[in-house]
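Let's take a walk through this one, a couple of helices at a time. Have the structure open and turn it as you read.

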Amino acid sequence: MRIKTKTEQLATAPVTLDEKDYAILRLLEKNAKLTVREIAAAIHLSATPVHERIKRMEANGVIKQYATLLDHRKIQKGIMVICYISLKEHNRKIAKVFIDAVTGFTEVLECYNISGEFDFMLKIVSENMESYHDFYLHKLSMIKGISHTQSIFVMGILKDTHQLL
């Protein structure tokens, strides 16, 4: 079952990027707080074309958003869980109920529609085992249409990046 995301639905023709665009993106991925002037100096362009390139990439959806990445352990979210989920039936109505529910849960950081034995993979953070158990019992397992779940507890993070370039 493949469900298109909002981003995929809004996507238009492929965006053409040149080396300067990629250089801007690499810099922003490493530090989104860089100023246009700092980026311009680093890639040897003036500020105006850099600003225009950034605005174009934002408008075309290449740059989706700017974010602050937090260390989940330092903000009382000490447990991370990967949860695999299978649905009882594969139809739009059941999938929509599931997607609407999980996208509303603050505990769910990421949700992927996947292939294989399971239909979805969730990345969940919680304060501790007890709070995850409460989330699982009173929120996740209450979603109609779930057939099977498997929770895998992350014991350590060896690589954690959002950089694509």
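Before we start, a word on terms: a residue is called exposed when its relative accessible area is over 50%, and buried when that value is under 20%. Keep in mind too that this is a predicted model.

Start with α3, and look at the face turned away from its buried side: that's where you'll find the exposed residues Arg-37 and Ala-41. Now roll the helix over. The buried residues of α3 are Ile-39, Ala-40 and Ile-43. Seen down the axis of α3, these buried residues fall within an arc of 100°, so they line one face of the helix. The general rule behind such a pattern is simple: an α-helix has 3.6 residues a turn, so residues three or four places apart point the same way. What sits over the buried residues of α3? The cover includes α2 and α4. Just past the end of α3, His-44 takes a positive phi of about 65°.

Next comes α4, which runs over residues 47-59. With 13 residues at 1.5 Å a residue, α4 should span 18 Å, and its end C-alpha atoms are indeed 18 Å apart, so the two values agree. Val-50, Arg-53, Ile-54 and Met-57 are the buried residues to pick out here. They cover an arc of only 100° around the axis, which puts them on the same side of α4. Swing round to the other side of α4 and you meet Thr-48, Glu-52 and Ala-59, which are exposed. The buried residues of α4 get their cover from elements including α2 (19-30) and α3 (36-43). After α4 there's Gly-61, whose phi is positive, near 85°.

So how do α3 and α4 sit against each other? They pack at an angle of about 105°, with their axes 9 Å apart. That angle makes α3 roughly perpendicular to α4. On the α3 side, Val-36, Arg-37, Ile-39, Ala-40 and Ile-43 do the touching, and they meet Ala-47, Val-50, His-51 and Ile-54 in α4. Sorted by class, that contact has 7 nonpolar, 1 polar and 1 charged residues.

One last stop, further along the chain. His-72 lies in the loop between α4 and β1 (79-87). Is His-72 buried or exposed? Its relative accessible area is 13%, so His-72 counts as buried. Leaving aside residues up to four places away in sequence, His-72 touches Lys-77, Gly-78, Met-80, Val-125 and Ile-157.

How values were computed
Residues are numbered from 1 along each chain as its sequence is written. This is a predicted model: local features need pLDDT of at least 70, side-chain atom pairs count only at pLDDT 80 or more; totals for chains, interfaces and linings use all residues. Side-chain values use heavy atoms; hydrogens and water are left out. Helices (H or I, at least four residues) and strands (E, at least two) are DSSP runs, numbered from the N terminus. The expected span of a helix is 1.5 Å times one less than its number of residues. Buried means under 20% relative accessible area, exposed over 50%, partly exposed in between (1.4 Å probe, protein chains only). The arc is that of the directions from the helix axis to the C-beta atoms. Contact means heavy atoms within 4.5 Å. Axes are lines fitted to C-alpha atoms, for helices over the stretch in contact, and angles run from 0 to 180 degrees between N-to-C directions. Angles under 35 degrees count as roughly parallel, over 145 as roughly antiparallel, 65 to 115 as roughly perpendicular and the rest as oblique. Ala, Val, Leu, Ile, Met, Phe, Trp, Tyr, Cys and Pro count as nonpolar, Asp, Glu, Lys and Arg as charged, and the others, Gly among them, as polar.
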